[in-house]
Number of protein chains: 2
Amino acid sequence: MLVNINTHRPPIDGHLAALAGERAPCSEYRYRKGTEIFGEGEEAEYVYQITAGAVRTHKLLTDGRRQINAFHLPGDMFGFENGSNHRFTAEAIIETDVRIMRRGSIIEATKNRTGGTRSLLRLVTQNLQHAENHMLLLGRKTAPERVATFLVEMDARLGHPQLMTLPMSRRDIADYLGLTLETVSRALSRLRDQNLLRFEGTTQRRIELLRREELAELGP
Amino acid sequence: MLVNINTHRPPIDGHLAALAGERAPCSEYRYRKGTEIFGEGEEAEYVYQITAGAVRTHKLLTDGRRQINAFHLPGDMFGFENGSNHRFTAEAIIETDVRIMRRGSIIEATKNRTGGTRSLLRLVTQNLQHAENHMLLLGRKTAPERVATFLVEMDARLGHPQLMTLPMSRRDIADYLGLTLETVSRALSRLRDQNLLRFEGTTQRRIELLRREELAELGP
DNA sequence: ACGGTCTGTTGATTTGGATCAAGCGGCCGG
DNA sequence: CCGGCCGCTTGATCCAAATCAACAGACCGT
């Protein structure tokens with residue numbers, strides 16, 4: 001489900017513009033909650049940057065087991081592939097606005113600009129670094145450690161807000177951390193009971209972190 | 001432990017040479033079994049390509065739990081970092097020969113060659129792709145599935161030899177797959193009992209895969 | 001050749017997290 | 001405003017893999 005809200009918008013500040021320069025055409029689209037942006041195996045036609053909302057990218061096993069690679073927040077780019085096909089599926093977690101540029105334009109643009117491919121390289125390396133840290137989490141951390149690590153990561157990426165609002169469900173968190181949603185829920189309740197965090201209101205997605213340092217120590 | 005066996009050797013065919021061109025100086029070194037090539041956090045001074053042997057790269061938690069990111073075989077490159085410090089430790093699994101080039105030389109060289117940074121990008125993207133697949137394994141596959149996936153991966157990387165000789169121990173395999181060495185050993189014994197593989201001789205590291213297709217189906 | 005250490009296998013037992021199950025409150029559409 | 005569904009929590013039970021334990025053969029240096 002795809003709604004074009006503003007085509008041929010002049011590129012504004014951000015990584016996408018930085019990558020491709022001021023010449024390449026770029027559009028803005030809106031995806032509704034839960035909709036697919038692209039699917040695993042599809043041809044990689046566009047590169048995306050989020051302006052508002054949140055996106056998850058995942059892989060599936062044949063029987064439906066799901067692993068979420070990453071969550072993407074405003075400012076983040078995703079969908080860049082070396083080959084011509086996407087290696088995973090991307091979906092909007094909530095209503096999400098993205099700036100879109102044709103893959104071909106990026107490739108053209110980086111060819112003609114010193115440092116263009118270099119920015120791309122930095123982008124991919126950051127993703128690799130995140131993946132390396134996440135392999136350590138998935139391979140060797142316990143459930144409470146994974147959840148603590150997750151909270152610290154989201155807190156940092158949201159800029160240490162007083163109150164953080166998670167866009168994703170417990171199931172999404174579980175599929176990111178290699179756990180079940182029940183285990184995630186229990187771990188969060190445990191942290192609440194230990195006064196390391198507090199749920200704001202009744203929604204369970206607005207969380208205030210009390211004692212961030214102790215939380216950080218729980219995710220070694 | 002570092003033994004210089006041949007400095008200022010003219011670069012021969014391979015990725016390193018392809019990356020940097022024929023101009024950049026490169027040396028060859030030998031590391032003995034079990035020795036560290038570089039440590040996590042150290043300054044990234046060199047980039048490496050294996051000519052013989054095998055290397056593992058890993059991260060540690062403070063209490064010693066280990067996650068092996070990747071195994072590197074002859075022809076593979078490793079140690080390239082975007083920042084100036086290594087994000088993990090690299091060790092020789094067996095006696096290993098590597099071709100070494102200064103990081104700075106690579107950076108210089110790629111600046112002056114069209115497609116230089118592009119080759120680097122392809123390299124990093126391949127690592128990222130491997131990491132994404134490995135996250136799926138670590139987050140969502142069962143122990144028998146992990147071991148089957150591992151065997152299929154090594155078989156492919158070694159070029160589907162009639163008899164494959166694994167350079168790494170059961171503990172290394174376990175730390176790569178997020179399991180214990182006992183679980184890996186049991187899974188291998190189970191596959192042997194099912195006539196999906198055979199141990200050659202008494203060493204337990206020489207394995208013949210019988211019925212590769214069925215093995216591939218076990219690692220969905 | 002020999003003793004010690006290292007690597008791997010196998011068996012017994014434990015346990016962390018998965019699975020199964022019930023219930024609650026919010027939210028959305030009619 | 002109501003009814004059903006969805007997201008989440010919590011409790012009971014189960015099970016796959018970890019842990020604990022014993023042992024056997026290979027490999028190493030002397």
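Below, a biologist and a modeller talk through a predicted model of two protein chains with DNA strand C.

Biologist: What makes the relation between chain A and chain B that of a two-fold axis?

Modeller: In general, two copies of a chain are related by a rotation about an axis and a shift along it. Here a turn of 180 degrees with a shift of 0.0 Å along the axis lays chain B on chain A, at an RMSD of 0.0 Å. That is what a two-fold axis does, so the name fits.

Biologist: How do you know that the copies meet through the same surface?

Modeller: Of the interface residues of chain B, 100% are also interface residues in chain A, so the surface is the same.

Biologist: Now to the DNA. Which residues are closest to DNA strand C?

Modeller: There are 21 residues around DNA strand C, and the closest are A:Ala143, A:Thr183, B:Ser185, B:Arg186 and B:Ser189. Of the strand's atoms within 4 Å of the protein, 67% belong to sugar and phosphate.

Biologist: Why is the pair between A:Ala143 and a phosphate oxygen called a polar contact?

Modeller: The cut-off for a pair of N or O atoms is 3.5 Å. A backbone N or O atom of A:Ala143 is 2.8 Å from a phosphate oxygen of DNA strand C, so the pair qualifies.

Biologist: What does A:Arg186 reach on the strand?

Modeller: A base oxygen, which lies 2.9 Å from a polar side-chain atom of A:Arg186.

Biologist: Which helix gives the largest share of the surface near DNA strand C?

Modeller: H6(B), with six residues. By type, the surface has five nonpolar, nine polar and seven charged residues.

Definitions and conventions:
Residues numbered from 1 in each chain as written. Chains lettered and ligands numbered in written order. Predicted model: local features only at pLDDT ≥ 70, side-chain atom pairs only at ≥ 80, totals over all residues. Heavy atoms only, no water. Near = heavy atom within 4 Å. Polar contact = N/O pair within 3.5 Å; in protein donor to acceptor, adjacent residues only side chain to side chain. Helix = DSSP H or I, 4+ residues; strand = E, 2+ residues; numbered from the N terminus. Nonpolar A, V, L, I, M, F, W, Y, C, P; charged D, E, K, R; others polar. Least-squares fit on C-alpha atoms with pLDDT ≥ 70 in both. Contact = heavy atoms within 4.5 Å.
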